[in-house]
Amino acid sequence: MIVRVDAKATERQMKYLGWLSRQGKEVYGEEFSVRKLANQLGYTWPPTRKEASELIDKVKQFIDEGLKSQEFSVSTQDIIDELEEKKKQEQMKTLASTSPQVYMIQIFVDESKLKEVESFLDHMEVGYIVYKEAVYEEA
């Protein structure tokens, strides 16, 4: 059986090009057309078997590139959103755990015990202020 290279594309090739056209419309929108793409690439319509084979390869590659760019951009945006959300959650946890709540305790200590209390508070890394009771003498 002799197959002519310049013969028209097979019915199977044409059906596949039609299917690729529908896939292209899903990726690139309703304006996409395999026929228009074939004309832009310099192929005749209907294509020959050889042209159909080449066209099928090029259209598949074109659609795959479009899908990859969509997946990449969508997944990149999803990743960015997810990272920002995690960062916000971590910041909230960090703020909740690191923002110290300040308590004030009033302790009355005899002057003889003051050095021991100060040493204890320093060891616990607790800030403190010492007020000395004012003694008023009557004249």
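In this predicted model, Glu125 counts as exposed, because its relative accessibility is 75%. Glu125 is found in the segment that comes after α4 (114-123), and its phi is positive, at about 55°, although the residue is not a glycine.

Confidence in the prediction varies along the chain. The protein has an average pLDDT of 80, with 83% of the residues scoring at least 70; the mean is highest in α4, at 90, and lowest in α3, at 75.

**Helix α1**

What span should the 18 residues of α1 have, and what separates its end C-alpha atoms? At 1.5 Å a residue the helix should span 26 Å, and the end C-alpha atoms are 25 Å apart, which agrees with that expectation. The buried residues of α1 are Gln13, Leu17, Leu20, Ser21, Gly24 and Val27. These residues lie on the same side of α1, because they cover an arc of only 125° around the axis. Glu11, Arg12, Lys15 and Glu26, by contrast, are exposed on the other side of α1. After α1 comes Gly29, which has a positive phi near 105°.

**The nonpolar core**

In soluble globular proteins, nonpolar side chains tend to be buried together. Here the largest nonpolar core has 14 residues, and those with the most contacts inside it are Leu17, Leu20, Phe32, Val34, Leu55, Val59 and Ile63. Helices α1 (11-28), α2 and α3 each supply at least two residues of this core, and the largest share, five residues, comes from α3. Two of the residues with the most contacts inside the core, Leu17 and Leu20, are also among the buried residues of α1. Val59 illustrates the contacts well: leaving aside residues up to four places away in sequence, Val59 touches Leu20, Phe32, Val34 and Leu37.

**Aromatic pairs**

The structure holds four aromatic pairs, and two of them are set out below.

| Pair | Centre to centre | Angle between planes | Arrangement |
|---|---|---|---|
| Tyr16 and Trp19 | 5.8 Å | 10° | stacked |
| Phe32 and Phe62 | 6.1 Å | 15° | stacked |

Tyr16 and Trp19 both belong to helix α1, where they are three residues apart, about one turn of the helix. Tyr16 counts as partly exposed, because its relative accessibility is 32%, and Trp19 is likewise partly exposed, with a relative accessible area of 39%.

The pair of Phe32 and Phe62 links distant parts of the chain, since Phe32 sits in the loop between α1 and α2 whereas Phe62 sits in helix α3, 30 residues apart. Is each of these two rings carried by a residue that is buried or partly exposed? Phe32 is buried, with a relative accessible area of 8%, while Phe62 is partly exposed, with a relative accessible area of 32%. Ring pairs also bring in Tyr28, so that Tyr28, Phe32 and Phe62 are linked into a cluster. Phe32 thus appears in this cluster, and is also one of the residues with the most contacts inside the largest nonpolar core.

**A cis peptide bond**

The backbone has a further feature at Pro46, which lies in the loop between α2 (34-41) and α3 (49-98). The peptide bond that joins Trp45 and Pro46 is cis, with an omega of about -5°.

Technical notes. Residues numbered from 1 in each chain as written. Heavy atoms only, no water. Helix = DSSP H or I, 4+ residues; strand = E, 2+ residues; numbered from the N terminus. Buried < 20%, exposed > 50% of the residue type's maximum accessible area, 1.4 Å probe, protein only. Core = buried A, V, L, I, M, F, W, Y, C linked by side-chain atoms within 4.5 Å. Contact = heavy atoms within 4.5 Å. pLDDT = per-residue confidence, 0-100. Phe/Tyr/Trp six-rings, centres within 6.5 Å; stacked < 30°, edge-to-face > 60°. Expected span 1.5 Å × (residues − 1). Arc of directions from axis to C-beta.
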